[in-house]
Amino acid sequence: MLRFMLRRLGISFVVVLGITLLVFLVMNVIPGDPVRLLMGRYMEQTAYTAIRAELGLDQPWWQRYLLFLRQLAALDLGRSFVQHREVTSVIRDAFPITLRLGVTGIAMALLIGIPAGVLAAVRKNTLVDRGVNLFSYLGISAPAFLLGLLLQMFFALTLGILPVSGIGDGGWVYYFLPGLAVALPCAAVYARMMRASMLEVLQQNYMVAATGYGLPQRRVIWRHGFKNAVLPLVTQGGMDFAGLLGGAVITESVFNLPGLGRVILTAVLQRDYPVVQGGVLVLAAAFVTVNLLVDLFYAWLDPRIRY
Amino acid sequence: MKGKIRSGFFFTLLAVSFLLLTGCSAESGLQREVAGADGPRPGGVFRFGMTVEAQSLDPAHFYEASGIEIGKEIYDGLIAYDRDMQLVPAHAEGWENRDNMTYVFHLKKGTKFHNGREVTAADFKYSLERLLDPKTKSEISGMLLPVQGAGARLAGKTQEVSGIKVKDPYTLEIKLEKPFAGFLYVLAHPGASVVERQSVEAAGKDFGTPAASPETVVGSGPFKFKSWQPAMEISLVRNDAYYGNKPYLDEVEYKFFKEESTVLNEYRAGSLDFVDRLPPGLVKHTVSRYPGLTRRTEQLSQYFYAFNMDKPPFKDNLKLRQAISTAVDRNAIATMLEREAVPATGVVPRGISAAAGAGLGGDRRKAAQLLAEAGYPGGQGLGEIELKYNISEVNQKVAEIVQEQLRAAGISLKLVGMEPGAFINDLVKGNTQMFRFGWGADYPDPDSFLYPLYHSGQIGNNNLSFYSNQAVDDLLDKARGEQDAGKRLELYRLAEAKILADMPAVYLYSGVETDLLSRRVRGMAVNKLDLKPMDRVWLAE
C-alpha cells in the first residue's frame, strides 16, 4: 500500500510538471502579446518596450520557463501581469470559492442522484421510474447557463428566498443555487447509473438469499444492495468533482462567483501568463489528488480491491 | 455566434420570467413616485453595478474604464473637469501658461491626503515621475511623453524628469518638449493624480492591488478607500476632510458582475442603485420594462473600419476607399443596433467636431461609379477584401451588415473575426487590409482623435492605418502650439477636412451608453468621458 502511494505520488508529480510545461508552450505558441493586450488602445511604443522588458518578456521562452521552475521551488508563482499582485494571492482568493462550489455541488448531486436511482430500480417500470427517467433526460441535456438562470429566477426572484448571486459574507447559503446548478446534470447521470447498477445487484444470488432469510426489504436494499451498487458511482463522482474544480466556469459566471475556473479563463484571454501557469498548476495538483483519494476510497469500499 | 445563441436563450428566459412574475406586487410598489425633492438628503450607501471588473487602484494603471471610474473618486490631481467638461482647479488654485510649453501651477494650501498629510508640489513631482519610472510598468505613461525628459526617464536613462520642477512647496513647473495646448487635459486624467509617497512605498509592489493593506490606498479625493473583495466589490466611504464639495453619500459600493443577465437580476431583486452600460441587445427590453429609469448618453467615441494605407488594394486608391465609404449605409447600421449608435459623418464625434462631415453613405449608384473609376468596374479584378475585427456580438453584427451592403455594390468582403490577442498583433504588424477600430476620447478635444490616429509621428503607436499627410501633420502641430481656442478649433476643422478627403477609414457610428438607475437616485450625471462623478449624487428616501 505504501509503495503504491509513493509510486502514485511520484507519477503525479511528473504529470503536474509536464502539464506546466505544456501550458507554458501553448501560451507561447498562441498569438497575442500580453503587453499589447494590457495596454489596449494606448499603443505608445516607448511605454510598450519598457513594460515588456520589466516583465521579462524580452527573454526567450525556455529561459522564462526555467525561471518559473526556480521560483516554483521557492513556492513563488510570480506576479500577475494584469492584477499586479502575486499569483499566490490570486489563487488564495479564488480557490476556496471553487472548492466550496465543488463540494456543495457533488454533495447535492449524490444526495439527489443516488436515492432517485435506487428508487427507480426498486420501483422498476412504475410511474416513479419514468419520472426519474424524465428528470435524467432533462438534467443531462439542460445547458449550464440556462439551468443557472432558471434557478436564479425561480428561487431568488420569484420566491425571493435565496440570494441572486455573489458570495456575500461567504456563507453556504450563497452556494446553494450554484451548487444545485452544477449538481443537477451530475445527479441525472448518477440516477441512471445507480438505477442500472442497482438492477443488476438486485438479481444477484446474495440479494435473493437475504430476502429469503426474511430480512426487512429496506435493510436488504440499503445494507446489502446499495454498498455493492454504488461502486461505479465513486469513480464517476470523483471525476466529476475534479472536473468541477476547473470546469464550472459558466455557473461561476452566472452566479458571479470569482472561482478559479473563471480566473484562469480570464487570464488566458488576457495572456496573463503567470496566473494561467499558477492556476493550472493548482488545478492539476487538485485533480491528481482527488483521483488518488478516489482510489483509496475504492479500496475501502470494496475489500477485494488491493493495491 | 456564441453570443447570439446565448441572447436567444435569454429572450426565452425573459418570456418565462414574465409568466412567473404576472401578478407579483413588487412591481406596482415600484411605481410609487417619490415625493418632491427638498434638496439633497445626505447619507446612504450607493450600490453601483458594473460588468467589467476593476484591475487596479494604482493611478499608474488607470488604463481601463472601471479602474478609472472608481479611482477618480479616491484620487485627484492638479486639475479636474466640471459638469460641463470645463477644466477647473483641483489641487491647483491657478496656473500660468505662456506658450503652451511651460506651465506653472500654484497649489492650494492645506489640502490633505486621506491620512492627514498635506499635499505639496513635491508630491506631484513624485507622482508624475513615478508614472514614468519603467519599474512602475504604467500602461498610460505615454500620455506624459510630451514632458521634457519624460522619454529618457521611461527608457531608464535618467532617474529624474528634467521638465518637472518644484519651485517651492506650493509651486510646480512643468516644461514640455514641444508646445501642446491639450496638455492641461492630460493632467486632468485620473492617472495623473497625486499619490502619497509613504503609502506607496509601504505597499511596495502590491500598491493598489487587493493584496495591499487597505491603509496604503491613500488619495486626496472625495471618497476614501474602504475595502476590496477581488472580482466582487470595491467599497468607498466619504472623505469628510475633502477640500472640495463634500459628497452626500456615506458610501459607494462598486459591484462587479461577469454575466450581464445576472446584474439585471440583481437590479430586479432591488440590490443595485445603478447598472453601468447596459449590454447591447438588452437595452430595448430594459428601457421598455423600466420606463423613466434609463438614461441614454452619447459617447465621445468613434467606431470605424480603417484602411491599411500602406498596402494594396487601398494604397494610392482614393476612389476605392470612397466607393466603400459611399456604399456603407450608416443609418441602416444604427437602426440594426437599436439606435444605440449615432451614425458617424466624420473623424471626430459630433459632440466636439467642428468639421462638416462626409455623407452617411448608402448610395449604391454612386458607389458603383466610384468603383469603376477606381479601376474595378462592377468589382471585377478586385478580389475579396479582408475585414479583420475582434470577435464580439456587436462587431459580428456590424461586419455582417456591412458585408451585405458592400456585396450589393459589387464589393466582396471576407469577414475575419479574431480573438483579441491575435487581432492586436495583426494590427501592429500592419498585417491588414481593412480592420475595425474604436477610439474613445481621452479628453474632450478634437486633438484626442486626430493626433494619435492620424499624425504620421504616431505610426508605430496608434496610427494603425499608416496614414501620412504632411499637410495634416503641420496643421496638428500648429494647433498644439496655438494659444487662441477659436483659432485652434479652426486648425482642427481644417485638419479633419483634409483627413476626410483622404478617407483613411469608414466612420460608422459614435457609441451610445444607456444606464439603468433605481428610483431613489438623484443628481447622477454621466460626463462626456463616460465618467459618473459621485460627489453630487444623493439618495431619496
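# A tour of chains A and B

Select Ala150(B) to begin: setting aside neighbours within four places in sequence, it touches Leu132(B), Leu144(B), Leu145(B) and Val161(B). You are looking at a predicted model, so keep that in mind at every stop. Ala150(B) is part of helix 5 of chain B, which covers residues 150-154. Is Ala150(B) buried or exposed? Its relative accessibility is 0%, and it counts as buried because the cut-off for that is under 20%. Now add Glu259(B) to your selection: its C-alpha atom is 41 Å from that of Ala150(B), and the two residues are 109 apart along the chain.

**Next stop: Pro343(B)**

Click on Pro343(B), which sits in strand 14 of chain B, residues 341-343. This proline is buried, with a relative accessible area of 18%. Show what surrounds it, skipping the neighbours within four places in sequence, and you'll find contacts with Arg330(B), Asn331(B), Ala334(B), Leu360(B), Leu508(B) and Tyr509(B). For a distance to try in the viewer, pick Gly191(B): it is 152 residues from Pro343(B) along the chain, and their C-alpha atoms are separated by 31 Å.

**Over to chain A**

Hide chain B for a moment and colour chain A by secondary structure. How many helices and strands does chain A have? There are 14 helices and zero strands. Turn chain A around and you'll see that its C-alpha atoms fill a box of roughly 85 × 55 × 30 Å along the principal axes. Of its 307 residues, 50% are buried. Among the contacts in chain A with a separation of 6 or more, 73% are between residues 24 or more positions apart.

Now select Ala286(A) in helix 14, which spans residues 273-301 of chain A. It counts as buried, at 11% relative accessibility. Which residues does Ala286(A) contact, leaving aside those within four places in sequence? They are Phe95(A) and Leu245(A). Select Leu99(A) too: 187 residues separate it from Ala286(A) in sequence, while their C-alpha atoms are 9.8 Å apart in space.

**Where a helix of A meets a helix of B**

Bring chain B back and show helix 7 of chain A, residues 144-158, together with helix 8 of chain B. Their axes come within 11 Å and cross at roughly 5°. That makes the two helices roughly parallel to each other. On the chain A side, select Phe145(A), Leu149(A), Gln152(A), Met153(A) and Leu157(A); on the chain B side, select Ser261(B), Thr262(B), Asn265(B) and Arg268(B). Sorted by class, this contact has four nonpolar, four polar and one charged residues.

**A walk among the rings**

Time to show aromatic side chains. The whole structure holds 27 aromatic pairs over all chains. Zoom in on Tyr267(B) and Tyr290(B): the ring centres are 5.0 Å apart and the planes meet at 80°, so this pair is edge-to-face. The pair joins distant parts of the chain, with Tyr267(B) in helix 8 of chain B and Tyr290(B) in the loop between helix 9 and strand 12, 23 residues apart. Both Tyr267(B) and Tyr290(B) are buried.

Then jump to Tyr454(B) and Tyr467(B). With their centres 5.5 Å apart and their planes at 90°, these rings are edge-to-face. Tyr454(B) belongs to helix 15 of chain B, Tyr467(B) to the loop between helix 15 and helix 16, and their positions lie 13 residues apart in the count. Tyr454(B) and Tyr467(B) are both buried.

For a group of rings, select Trp95(B), Tyr103(B), Phe105(B), Phe180(B) and Phe183(B), which form one aromatic cluster. You can also look for charges over rings. Arg480(B) lies over the face of Tyr451(B), 3.5 Å from the ring centre, and Lys109(B) lies over the face of Tyr170(B), at 5.1 Å.

**Last stops: the backbone**

Most residues other than glycine have a negative phi, and most peptide bonds are trans. Select Pro312(B) and Pro313(B): the peptide bond between them is cis, with omega near 5°. Pro313(B) is in the loop between strand 13 and helix 10 of chain B.

Phe466(B) has a positive phi, near 55°. It is found in the loop between helix 15 and helix 16 of chain B, and counts as partly exposed at 23% relative accessibility. Finish at Met503(B), where phi is positive too, near 50°. This residue lies in the loop between helix 17 and strand 18 of chain B. Is Met503(B) buried or exposed? It is buried, with a relative accessible area of 9%.

Technical notes. Residues are numbered from 1 along each chain as its sequence is written. Chains are lettered from A and ligands numbered from 1 in the order in which they are written. This is a predicted model: local features need pLDDT of at least 70, side-chain atom pairs count only at pLDDT 80 or more; totals for chains, interfaces and linings use all residues. Side-chain values use heavy atoms; hydrogens and water are left out. Rings of Phe, Tyr and Trp (its six-membered ring) pair if their centres lie within 6.5 Å; planes under 30 degrees apart count as stacked, over 60 as edge-to-face and the rest as tilted. Helices (H or I, at least four residues) and strands (E, at least two) are DSSP runs, numbered from the N terminus. Buried means under 20% relative accessible area, exposed over 50%, partly exposed in between (1.4 Å probe, protein chains only). A charge sits over a ring if NZ of Lys or CZ of Arg is within 6 Å of the ring centre and within 35 degrees of the ring normal. Axes are lines fitted to C-alpha atoms, for helices over the stretch in contact, and angles run from 0 to 180 degrees between N-to-C directions. Angles under 35 degrees count as roughly parallel, over 145 as roughly antiparallel, 65 to 115 as roughly perpendicular and the rest as oblique. Contact means heavy atoms within 4.5 Å. Ala, Val, Leu, Ile, Met, Phe, Trp, Tyr, Cys and Pro count as nonpolar, Asp, Glu, Lys and Arg as charged, and the others, Gly among them, as polar.
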